[in-house]
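Student: I'd like a close look at the empty space shut inside this one, and at the helix packing that goes with it. Please keep it relaxed and take it in one go.

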Amino acid sequence: MNPIAEWIGWFPKEYSREERVLLNKIDLLILFFACASTWANNLDTGAIYNAFEAGMEDDLNLYGNRLTYLTSVYWAATTVFQVPCNIIVTMVPAHYYIPICELAWGMFTLGTAFVKSYEQLMVMRFFVGVTATPCWIANVHIINCWYRKNELGKRNAIYYNTYPLGSMIAGYLTSACLTNLDGTGGLEGWRWLFIICTIITVPIAAVGYFFYPNVPTNCHSRWLTEREKELAQVRLLKEGFAPSRHITKDIVWRTCRAWQTWVFFCLAGLFWLTPYPSTTPFLLWLGDDPSNSDTFVQNMSTVTYAISIVSAMVFAFYSDWRGSRWDVMLFSGIIVLMCNIMLLVWDISKGAKYFAFLLLGLTQGPINVVIAWFAESLAHDLEVRSVSFGVINVSYCLAQLILPLCAWQTKDAPRFKAGYIWVTCASVVELVLIPLPMFFERRDKKRGINQIEMVAGMAEVSGFDEVTKHVHDGDLESGSISSNGGMGMKKGDTNVGVQEVDEKA
């Protein structure tokens, strides 16, 4: 037993040694590849902004709004493929699908290093957007299929941190390329940045093919024993997570009528986008100051990402410990509103602007809490949760596609008045929407809606009679659904033998 792991809540005290071993394996098999994959994805897709500041603008004549258009073509491609991607991942094993896509975007990243014109760069960005789509959205679906509710916040935080880590390292890599590789082999430093990104990406795809498991109900991983595969399913069933029903004809209807799809479509989109000034606008503000060297700009722009890494972990551990998500989101919402108001005013000291930009980095952390809350609220329907993940991520992609064309045009840097008006208004809406999930969850709990839907879903998987023979009318209101379709199973009771799984699951 590890007392530190118990103290921080990594392993709750009631977990058996067997479940702790399983959880360690899941962390290694799933989190390692998912984090490495998404880190490489963010490194590859975000490198263009660092390259832009490091000489690409002049070499390829990317003046005016051309950077904005390059951003938009990437997001147009990835937006279109969001929902289809997560439908595919429920049908094609993840250890084939995600690594193949990763290898493809790695090749298009390599192609970016050798483009000679703006038009060629546009083509590369489009195909990077297409092939990179499954990375975040499919990995986050797989992660949220394996963990219990008191584990989700921390694992989502670790996964989320691959984004700021990728952005940070892109900045450091750019500085290293400018310092050490500029001119080597007749290539500019920014071109070497894309070559190095590809060298990092390709081996990670190979790791995914050999080690990444699929969802628990369709897992053929050689690294988990049969007993561990069964235990992985049982502990989720006892936590209230329904098994996979597979894609059926009514998936569109089930997704559209789920309030989680639309409430979290708005809420997650706002939590992603209201801290946006701490990213590209901060980088461009730093670059606009002639007293700042290129190296200083690249390194300083990573500080907000470092802050977001710390905040993500702190908020996640706190929310898992509290068993509550809303209070972290409210705290973050208040801070993001204050900072965006400061930047909207703009006529403040340089130190105050640094303060606002850096503090916005803190508010990037709670997005993993939003994702964990969403996953918990759709525990009763795995396929709807998967498709809804795609729908929710569309909100982020649409904003990334449309807003730079309207509110964050490169020619308006560094003032971005329209952009700061938008994020300030969005910050107000964000605060207003935070109570909505609590309202709907309490309504559903009173009506027993999720419990009824979970029994129906388990009936499709295990057979109606087998699931419902233990179900009594009063049990639906109590909400204590067990892994065998019966009632009265206590949370945390996961020491189930293989024989019990075979007979009752």
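Tutor: Let's settle the residue classes before anything else: Ala, Val, Leu, Ile, Met, Phe, Trp, Tyr, Cys and Pro count as nonpolar, Asp, Glu, Lys and Arg as charged, and the others, Gly among them, as polar. Also keep in mind that this is a predicted model.

With those classes, the lining of the second largest cavity sorts into 10 nonpolar residues, 4 polar ones and 1 charged one. That cavity has a volume of about 150 Å³. It has 15 lining residues, and the ones nearest its centre are C145, T217, L236, A242 and P243. Two elements give two or more residues to this lining: α10 (226-239) and α19 (382-406). The largest share belongs to α10, with 3 residues.

Now zoom out a little. A search of the whole structure turns up 3 cavities of 30 Å³ or more, and the largest of them holds about 1,000 Å³ of space. As many as 50 residues line the largest cavity, and closest to its centre you'll find N42, W75, Y163, Y396 and Q400. By class, its lining splits into 28 nonpolar, 21 polar and 1 charged.

Three of those central names come back when you look at how helices pack. W75 sits on the α3 side of the contact between α3 and α19, while Y396 and Q400 are on the α19 side. The axes of α3 (residues 66-80) and α19 come within 8 Å and cross at roughly 155°. Angles over 145 degrees count as roughly antiparallel, so α3 and α19 are roughly antiparallel to each other. Their crossing is left-handed. On α3 the contact also includes T68, Y69, T71, S72, A76, T78 and T79, and on α19 it also includes V394, C397, L398, L401, P404 and L405. Class by class, this contact has 10 nonpolar residues, 6 polar and no charged ones.

α19 has another partner to check, and that's α18 (residues 367-377): the two axes come within 10 Å and cross at roughly 145°. This crossing is right-handed. From α18 come I371, F374 and A375, and from α19 come R385, S388, F389 and I392. Here the classes run to 5 nonpolar, 1 polar and 1 charged.

Stay with the chain beyond α19 for a moment. In the loop between α19 and α20 (417-433) you'll spot P414, and a cis peptide bond joins A413 to P414, with omega of about 0°. On the other side of this story, the loop between α2 (17-59) and α3 holds N61, which has a positive phi of about 55° although it is not a glycine. Both are worth a glance, because most residues other than glycine have a negative phi, and most peptide bonds are trans.

Last stop is α2 itself. It packs against α7 (residues 149-160) at an angle of about 35°, with the axes 9 Å apart, and the crossing is right-handed. L23, D27, L31, A34, C35 and T38 of α2 meet E151, R155, I158 and Y159 of α7. The classes come to 6 nonpolar, 1 polar and 3 charged. Set that beside the contact of α3 with α19, which has no charged residues.

How values were computed:
Residues are numbered from 1 along each chain as its sequence is written. This is a predicted model: local features need pLDDT of at least 70, side-chain atom pairs count only at pLDDT 80 or more; totals for chains, interfaces and linings use all residues. Side-chain values use heavy atoms; hydrogens and water are left out. On a 1 Å grid over the protein atoms alone, a cavity is a set of points where a 1.4 Å probe fits but cannot get out, and a pocket is an open set with protein on both sides within 12 Å along at least five of seven lines; lining residues have an atom within 4 Å of a point. Grid points are joined across faces, edges and corners, and a volume is the space filled by probe spheres set on the points. Helices (H or I, at least four residues) and strands (E, at least two) are DSSP runs, numbered from the N terminus. Axes are lines fitted to C-alpha atoms, for helices over the stretch in contact, and angles run from 0 to 180 degrees between N-to-C directions. Angles under 35 degrees count as roughly parallel, over 145 as roughly antiparallel, 65 to 115 as roughly perpendicular and the rest as oblique. A crossing is left-handed if the near helix is turned anticlockwise from the far one by less than a right angle, and right-handed if clockwise. Contact means heavy atoms within 4.5 Å.
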